[in-house]
There are 4 protein chains.
Amino acid sequence: MIDQPREPSALIAVVGGAQCSPAEAALAEAVGRLVAEQGLGIVCGGRGGVMAAVCRGAVQAGGLTVGLLPGDDPAEANPWVQVVIPTGLGEARNALVARAGVAMIAIGGSHGTLSEMALALKWGKRVASLRSWELPGVYKAETPEDAVSYILDSSVNS
Amino acid sequence: MIDQPREPSALIAVVGGAQCSPAEAALAEAVGRLVAEQGLGIVCGGRGGVMAAVCRGAVQAGGLTVGLLPGDDPAEANPWVQVVIPTGLGEARNALVARAGVAMIAIGGSHGTLSEMALALKWGKRVASLRSWELPGVYKAETPEDAVSYILDSSVNS
Amino acid sequence: MIDQPREPSALIAVVGGAQCSPAEAALAEAVGRLVAEQGLGIVCGGRGGVMAAVCRGAVQAGGLTVGLLPGDDPAEANPWVQVVIPTGLGEARNALVARAGVAMIAIGGSHGTLSEMALALKWGKRVASLRSWELPGVYKAETPEDAVSYILDSSVNS
Amino acid sequence: MIDQPREPSALIAVVGGAQCSPAEAALAEAVGRLVAEQGLGIVCGGRGGVMAAVCRGAVQAGGLTVGLLPGDDPAEANPWVQVVIPTGLGEARNALVARAGVAMIAIGGSHGTLSEMALALKWGKRVASLRSWELPGVYKAETPEDAVSYILDSSVNS
C-alpha cells in the first residue's frame with residue numbers, strides 16, 4: 001500500500017488553432033512528444049487541430065494529456081485527451097488553460113490563441129511562439145526543441 | 001402603467017488598465033461622455049484607472065454604467081458603476097466584458113487588455129485602440145471622437 | 001454637470017424555472033413590481049418563465065432589470081431585461097446570479113433553482129421561497145408581499 | 001511506439017466539505033479506494049476534508065485524481081491530487097466538478113455540496129448521498145460500497 005502522495009503532474013499549456021495546417025500539426029506533435037519525454041503533462045483546449053496533434057504526440061511518448069473543453073459534451077474531445085474536463089464555459093475556458101500550465105507554447109492559431117498568450121503573460125509565465133503571435137515578452141522559437149527548451153527553464157525555476 | 005418592454009441598453013465595452021496616467025484618464029472620461037451622449041451604456045471591468053474614468057464621464061453625461069468585477073465583493077467597484085456584478089471569476093471575467101459589448105474601445109492597458117481585445121476580435125466586434133495595442137483588425141484611433149465614431153458604425157450596422 | 005457618483009442599484013436575485021405555470025408567473029410579476037417600488041433592481045437569469053414575469057413586473061413599476069444569460073446571444077433575453085449580459089458560461093452563470101443579489105427570492109423552479117438557492121445560503125444571504133424548495137435557513141413565504149418584506153430586512157441590514 | 005489513443009479516464013465526482021469529521025473522512029477514503037479499484041478516476045474540488053480523503057484513498061489504490069480548485073494557486077490542492085487545475089473561478093467551479101463526473105457521490109458537506117448535487121441532478125446524472133443531503137432523485141447510500149455500486153450502474157449505462 002502506498003501511503004504517500006505522488007508529485008502532481010506539472011502541465012505545459014499548448015495553444016493553437018482548432019484547425020491547422022499539416023506543418024503546424026507536425027510541430028505540435030513534436031512538441032507533445034518532447035514535453036512528455038521530460039516527464040511533463042500537456043493541458044490544452046481539448047479539441048482538434050493543434051490540440052489534437054500535441055495530445056497525439058504526448059500520448060505516443062507516454063505522457064499525460066488534459067483537455068479543458070469549451071462545451072459541455074465530453075465527446076467533443078479529441079481521442080488523445082486522457083483527462084477530459086467539459087467546462088461548459090465557452091471561450092472563458094481559455095483563462096483556465098492559461099492558468100493551468102506552468103508555461104505556454106503557442107503554435108499558429110488566431111485571436112483565441114492570442115487571448116490565451118496574453119493571459120499567460122499577465123500571470124508572469126514563459127510563453128514561446130512557434131509560427132504564432134509575436135509580442136513583447138514572447139520568445140520566438142525556431143523549432144519544437146527550441147520552444148520546449150525555453151519553457152523548461154521556467155518550469156524548473158518557478 | 002407601462003405594459004411594453006423598453007429597448008435594452010446597448011453597451012460599449014471599454015477596457016484598459018486598472019491604473020492609468022492622467023492623459024489616459026482624460027481620454028477615458030471623454031469616451032464615457034461621448035458614448036453616453038449617443039444613448040449607449042458602458043460595460044467594463046468595474047475597477048479603477050481607465051474603468052473609473054470612463055464610468056465617471058458616462059455618469060456625468062447621464063449614461064448607464066455596468067461593472068463586471070473580477071472579485072466577489074461589490075465594494076471593489078469604482079463609485080461611478082451603477083450596475084455592479086461581482087462575478088468572482090477572476091480574469092475569466094474578461095471574456096464576459098468582451099462578450100457584453102456590441103463593440104470595444106481599448107485605452108492604454110497591458111496584457112489583460114490585450115486578452116479582451118483578442119476575444120472581441122474573435123467574436124467579430126469592432127475594436128478601436130486609443131494609445132493601446134495595435135493589432136491587425138484593430139482601428140487605431142487618434143481621439144475619443146474618432147474612436148467612438150468608428151465603433152458607432154458597428155453598433156448601428158450589427 | 002453632475003460630478004458625483006450615483007448610488008449603485010441594489011439588486012435582488014429572483015430565480016425560478018424558465019418555464020412556469022400561470023400562477024407562478026403571477027407571483028413573479030408581483031414580486032418584480034414590489035421590488036421595484038422599493039427602489040431596488042432585479043437580477044435574474046434573463047430568460048423566460050419566472051425570469052420574464054419578474055422583469056415584466058419590475059419594468060411596469062419603473063424598476064431596473066439585469067439578465068445574466070447562460071448563452072452568448074443577447075437575443076435570448078426576455079424583452080423586459082434592460083441590461084443584458086450574455087455570459088456564455090452555461091449553468092456556471094447561476095453562481096453569478098446568486099452573487100449579484102443582496103438577497104434572493106425563489107419562485108417554483110427545479111434543480112437549477114436549487115443550485116442558486118444553495119449558493120446564496122452559502123454566502124449568507126437571505127433566501128425566501130415562494131412555492132419553491134424548502135430548506136433549512138430558507139424562509140417559506142406565503143405571498144409576494146411576505147417574500148419581499150423578508151428579504152428587504154436583509155438588504156437594509158447587510 | 002503507441003499510435004492509437006488511450007481510452008479517456010471516466011471520472012466520478014466526489015463532493016463534500018472542505019472540513020469533515022473523522023467518520024466522513026473514513027467514508028471518503030473508502031469511496032476513493034473503491035472507485036479506483038473499478039478503474040475509474042476521481043474529480044473533486046481539490047481541497048481538504050472529504051476532497052483530500054477521497055483522493056488519498058484513490059491514490060493508495062492506484063487511481064487517478066483530478067482537482068478543480070476554486071482559487072488560482074496550485075499549492076491550494078491537497079497532496080493527493082495528481083492533476084491540479086486551478087480554475088480561479090471561485091464557487092462557479094462547482095459547476096465544473098458536477099459536469100466533469102459521469103456520476104456523483106456526496107459525503108457530508110453543506111450548501112456548496114448541495115449546489116453541486118443540484119447541478120448533477122439537473123444534468124441527469126446519478127447522485128448517491130452518504131450522510132449528505134437527501135433530495136428527491138438522490139440515492140441514500142448506507143455504505144461506501146452501496147454508493148459506488150449505485151453510481152457504477154450509471155457509468156456503465158450512460
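In this predicted model, chain D can be laid on chain A by a turn of 180° and a shift of 0.0 Å along the axis, with an RMSD of 0.0 Å. Look for the axis from chain D. There, the C-alpha nearest to the axis belongs to V83(D), at 4.4 Å. The same surface serves both copies, and 100% of the contact residues of chain D recur in chain A.

Now turn to chains B and C. Chain B can be laid on chain C with an RMSD of 0.0 Å. The operation is a turn of 180° with a shift of 0.0 Å along the axis. These two copies are thus related as by a two-fold rotation axis. In chain B, the C-alpha of V83(B) is the one nearest the axis, 4.4 Å from it. Here too, the same surface serves both copies: of the contact residues of chain B, 100% recur in chain C.

Next, step inside chain D. Its seven strands form an open sheet. The order is β4-β3-β2-β1-β5-β6-β7, and the pairing is parallel. Which strands are at the edges? They are β4 (83-86) and β7 (139-140) of chain D, and each pairs on one side only. In general, strands of a sheet pair through backbone hydrogen bonds, either parallel or antiparallel.

Take one pair of strands in chain D. Strand β1 (residues 11-16) and strand β2 (residues 41-44) pair in the parallel sense over three bridges. Within this pair, A13(D) stands opposite V43(D) of β2(D).

Helices pack on this sheet. Helix α3 (residues 93-100) of chain D touches β1, β2, β3 (65-69) and β5 (104-107) of that chain. The direction of α3 makes about 155° with that of β3(D). Helix α4 (residues 111-122) of chain D lies across β1, β5 and β6 (127-130) of chain D. This helix runs at about 160° to β5(D).

How do two helices pack on each other? Chain A gives an example with helix α3 (residues 93-100) and helix α4 (residues 111-122). The two pack at an angle of about 45°, with their axes 9 Å apart. An angle between 35 and 65 degrees counts as oblique, and α3(A) and α4(A) are therefore oblique to each other. Their crossing is right-handed. On the α3(A) side, the contact is made by N94(A), A95(A), V97(A) and A98(A). On the α4(A) side stand G112(A), S115(A), E116(A), L119(A) and A120(A). By class, this contact has five nonpolar, three polar and one charged residues.

Definitions and conventions. Residues numbered from 1 in each chain as written. Chains lettered and ligands numbered in written order. Predicted model: local features only at pLDDT ≥ 70, side-chain atom pairs only at ≥ 80, totals over all residues. Heavy atoms only, no water. Least-squares fit on C-alpha atoms with pLDDT ≥ 70 in both. Contact = heavy atoms within 4.5 Å. Axes fitted to C-alpha atoms, helices over the stretch in contact; angles between N-to-C directions. Helix = DSSP H or I, 4+ residues; strand = E, 2+ residues; numbered from the N terminus. Parallel < 35°, antiparallel > 145°, perpendicular 65-115°, else oblique. Left-handed = near helix turned anticlockwise from the far one by under 90°. Nonpolar A, V, L, I, M, F, W, Y, C, P; charged D, E, K, R; others polar. Pairing = 2+ DSSP bridges.
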